[in-house]
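Here is a short tour for someone meeting this structure for the first time. Have a look at the model, then read on.

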Amino acid sequence: VAYADEAYLLGPAAPAQSYLNVERLIDVARRSGADAVHPGYGFLAENAAFARAVTEAGLVWVGPHAAAIEAMGDKLRARQAMIAAGVPVVPGGTTALESPEDAERAVAEYGLPIAIKASSGGGGSRPSRASERIAR
């Protein structure tokens, strides 16, 4: 702050009332005369609603567009999109594992070692049923 030309208070220390408060961030961007918003590298960097709100406010979003954030928020959808685009991916499936038996079938098909990850989560992705599934 000592080196900044201007500083704006985002709110109280609680993240939900300050740096995660989308309405307040956009208000500060407008008051400061900013042309663009970079989300940083935290929760808002992967928050499609924030990206959409910034562009709807007439500001330039410095990052992937909201639809890309949404597509990449679910690992199954992201994997399917990469395969459809011809991007090389590690061997694995594109459907959710619903049971231990599904995991055993994946091991039989792909061999060991095998990584099993939650299909949703991390960043600002909004929770969905996908977060309850397991992706191969």
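## Starting at S18

Leaving aside neighbours within four places in sequence, S18 is in contact (heavy atoms within 4.5 Å) with L10, G11, P12, A13 and L25. You'll find S18 in the segment before α1. With 6% relative accessibility, S18 counts as buried; that label means under 20% relative accessible area, while exposed means over 50% and partly exposed lies in between, using a 1.4 Å probe and protein chains only.

One of those partners, G11, also belongs to the segment before α1. G11 is partly exposed at a relative accessible area of 22%. Not counting residues up to four places away in sequence, G11 touches Q17, S18 and R24. From G11 to N21 is 8.9 Å in space, C-alpha to C-alpha, and ten residues in sequence.

## What kind of model this is

This is a predicted model, in which local features need pLDDT of at least 70 and side-chain atom pairs count only at pLDDT 80 or more, while totals for chains, interfaces and linings use all residues. Residues are numbered from 1 along each chain as its sequence is written, and side-chain values use heavy atoms, with hydrogens and water left out.

## The chain as a whole

How many helices and strands does the chain have? There are five of each, where helices (H or I, at least four residues) and strands (E, at least two) are DSSP runs numbered from the N terminus. Going along the sequence, you meet them in the pattern α-β-α-β-α-α-β-α-β-β.

Of the 136 residues in the chain, 26% are buried. The chain exposes about 9000 Å², and carbon and sulfur atoms supply 57% of that; accessible areas come from the Shrake-Rupley method with a 1.4 Å probe, and for residues only the protein chains shown count as cover. Take the contacts between residues at least 6 apart in sequence: 38% of them join residues at least 24 apart.

## How the helices meet

Let's look at α1 and α2. These two pack at an angle of about 35 degrees, with their axes 10 Å apart. Axes here are lines fitted to C-alpha atoms, for helices over the stretch in contact, and angles run from 0 to 180 degrees between N-to-C directions. Which residues meet between α1 and α2? On the α1 side they are V22, L25 and I26, and on the α2 side F50, A53 and V54. L25 turned up earlier as one of the contacts of S18.

Helix α3 has buried residues too: A66, I69, A71 and G73. The buried residues of α3 pack against α2, β2 (60-61) and α4.

## Three salt bridges

Side chains of opposite charge can pair when their charged atoms come close. This structure holds three salt bridges, each defined as a side-chain nitrogen of Lys or Arg within 4 Å of a carboxyl oxygen of Asp or Glu. In one of them, D27 and R31 meet at 3.0 Å, N to O. Because D27 and R31 are four residues apart in helix α1 (residues 22-32), about one helical turn separates them. D27 is partly exposed, at a relative accessible area of 37%.

Another salt bridge brings together the side chains of R52 and E70, at 3.1 Å, N to O. This pair links distant parts of the chain, with R52 in helix α2 (residues 48-56) and E70 in helix α3 (residues 66-73), 18 residues apart. R52 counts as partly exposed at 32% relative accessibility, and so does E70 at 30%.

There is also a salt bridge between D102 and R105, at 2.4 Å, N to O. D102 and R105 are three residues apart in helix α5 (residues 100-110), so about one helical turn lies between them. Is D102 buried or exposed? At 17% relative accessibility, D102 counts as buried.

## A cis bond and a surface patch

A cis peptide bond joins L112 and P113, with omega at about 0 degrees. P113 is found in the loop between α5 and β4 (117-118).

Finally, I83, V87 and V89 make a nonpolar surface patch of about 210 Å². Patches are made of residues with over 30% relative accessible area and no salt bridge, with like charges joined within 9 Å and nonpolar side chains (Val, Leu, Ile, Met, Phe, Trp, Tyr) within 5 Å. I83 sits in helix α4 (residues 75-84) and counts as partly exposed at 41% relative accessibility.
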